[in-house]
Amino acid sequence: MYEVIAFYLFAALTIAMFTIVVMSKNALYAMSALAGGMIFISGFFFLLDAEFLGVVQIVVYSGAIMALYAFGMMFFDTTRDVSEKMRSKKIAYTLFVLSAALIVIILCAPLASSSVQANFPTVEHVGNVQMIGLVLFTKYLIPFELAAIMLLVAMIAGIVLASKKMDEHLNIEDEELGNVKESR
Amino acid sequence: MFDTAVVIETVVKAVIVVAVIAALAGFATFIERKVLAFMQRRLGPMHVGPYGLLQLAADGIKLFTKEDIIPQNAVKPIFMIAPVIAATTAFVAMAAVPYFPEFTLFGYTIHPIISDINVALLYVMGVASVGIYGPLLAGMSSANKWSLLGAARAVVQMLSFEVVSGLSVLAPIMMIGSLSLIDINDAQTGGIGDWLIWKQPLAFVLFAIAGFMETNRAPFDTVEFEAEIVAGYATEYSGMRWGLFFIGEYANMITISVLVSILFMGGYNAFWFIPGGLMMLLKVSFWIFLFLWVRAAWPHVRPDQLMWVCWKVLMPLSVVNILITGFALL
């Protein structure tokens, strides 16, 4: 019974949070609601005994949304409403149709759920982390390594783009200090 | 899966943990003022009660009765909820922390941990890092330049220390092979020689530094540094909302102390004739004292120095540490 109560609580909270994300005109409301929604989703993982995924959900999205906040801080006055200039009716209609289709699919999902079977059923007394590690490094090794290489490429690209002036601020400061000393 | 008895037991434990830790967090503010006073050859609070012990109650009354000011241009709901986020995440993180060895009371075995999940270490660190949303939201919603600077520094600091703390605990986890804090504790049962601090000294130092950054403590308290940005994110706050931030900060200090004690210093195992519970209290007290000692002894660092030390010194060191541990384990 407690599981049912917890499920409906988290479901209602998640939907409410993401509704705020879509409807709100204030960037600060939208981002905070997004962070809250992501953390409430981790509740479902904990209810399904997938603790590792639940914690990863919290860790990854809290860091990712933190970066969003940083962008918001740089580009907007987040305490004011953002006026959106979205006049295109085509986009709105397409999104309406897509979301309607999505709702139909979600509501039909229970029909197919009885025939779904786990590829890697959980084993008694083997932890969550061990199971994920085992699957990740046997069956899904190549996608895993590919993702790792892509992240490495992105990281090196970021460093190259940013590295041109990396040591400059410290040098400038030393020069300024030198100038001050000379002028004395 | 869930029994009513288990639910009641969990609720009771949660209430006890929140009450005790909140009281201890308040008491830690008094200890901090006393320790800092002795290190600076002052007396500290002396007038309210014996040795100023009742200063705590006086501060509490002051905070509760102060006017709750909300600036006119602030984003009100977020401004109001930010301190609550800071305090609750600090307490939620404690759900997976074991404090003492299990004991029997009235013929009923009690495990002093609210929920023994098998990814406890990751959970505690993840939720504690969500706690930085408190200062961030406070700074962004205050409509104040100093607060905004504090929030920007919170983001920068969080993105820097997260990497170091995550990578530094990886090496001990590789040696033990489990993320459960109880397993980590049980791996160090054989006396002081079994403590992980001897096998992983570098990881210990890195994790301790990251812990200081995570709790915004002295050498790294760039988020609220008075000499540079007034009071940082807390500039516009008053009364109990301001107090909640600091209950959260001290509760986080206690969590980090418990985490370091369990990870590297033998946890709640009995030592010679000292029982395990007392040993845990001694270790946590020592760590709290260390936090205060460092605050009295070290100057502040600038935010750019903090990032420099995180990305160019601590992160490569922790990666090298993981590499060496990996080769040693092979």
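## A tour of chains A and B

Welcome! Start by colouring chain A and chain B separately: the area buried between them is about 2900 Å², and carbon and sulfur atoms give 75% of it. Keep in mind as you go that this is a predicted model.

**Stop 1: the side of chain B that touches chain A.** Which elements of chain B should you select here, counting those that give two or more residues to this side? They are α1 (4–39), α3 (76–92), α4 (120–130), α5 (133–141), α6 (145–176) and α13 (303–329) of chain B. Now colour this side by residue type: you will find 26 nonpolar residues, seven polar and three charged.

**Stop 2: across the interface.** Select the contacting residues on both sides, and you will have 36 residues of chain B together with 34 residues of chain A. How many salt bridges run across the interface of chain B and chain A? The rule finds zero. It likewise finds zero residue pairs in polar contact across this interface, where both residues must be at pLDDT 80 or more.

**Stop 3: a salt bridge inside helix α1.** The structure does hold salt bridges, five over all chains, and the next stops visit some of them. Select Lys13(B) and Glu9(B): they form a salt bridge, with 3.1 Å between the closest N and O atoms. Both sit in helix α1 of chain B, and because they are four residues apart, about one helical turn separates them. Is Lys13(B) buried or exposed? Lys13(B) counts as buried because its relative accessibility is 16%, under the 20% cut-off. Its partner Glu9(B), at 21%, counts as partly exposed.

**Stop 4: a link between distant parts of the chain.** Next, select Arg241(B) and Asp68(B), a salt bridge whose closest N and O atoms lie 3.0 Å apart. Where does each partner sit? Arg241(B) belongs to helix α11 (residues 239–264) of chain B, while Asp68(B) lies in the loop between α2 (55–65) and α3, so the pair links parts of the chain 173 residues apart. Arg241(B) counts as buried, at 18% relative accessibility, whereas Asp68(B), at 38%, counts as partly exposed.

**Stop 5: Arg302(B) and Asp304(B).** To finish, select Arg302(B) and Asp304(B), which form a salt bridge with 3.0 Å between the closest N and O atoms. Switch on the surface at this stop: Arg302(B) counts as partly exposed, at 28% relative accessibility, and Asp304(B) is partly exposed too, with a relative accessible area of 22%.

How values were computed
Residues are numbered from 1 along each chain as its sequence is written. Chains are lettered from A and ligands numbered from 1 in the order in which they are written. This is a predicted model: local features need pLDDT of at least 70, side-chain atom pairs count only at pLDDT 80 or more; totals for chains, interfaces and linings use all residues. Side-chain values use heavy atoms; hydrogens and water are left out. Contact means heavy atoms within 4.5 Å. Buried area is the accessible area (1.4 Å probe) that two parts lose on being put together, summed over both. A salt bridge is a side-chain nitrogen of Lys or Arg within 4 Å of a carboxyl oxygen of Asp or Glu. A polar contact is a pair of N or O atoms within 3.5 Å; within protein, one must be able to donate a hydrogen and the other to accept it, and residues adjacent in sequence count only if both atoms are side-chain atoms. Ala, Val, Leu, Ile, Met, Phe, Trp, Tyr, Cys and Pro count as nonpolar, Asp, Glu, Lys and Arg as charged, and the others, Gly among them, as polar. Buried means under 20% relative accessible area, exposed over 50%, partly exposed in between (1.4 Å probe, protein chains only).
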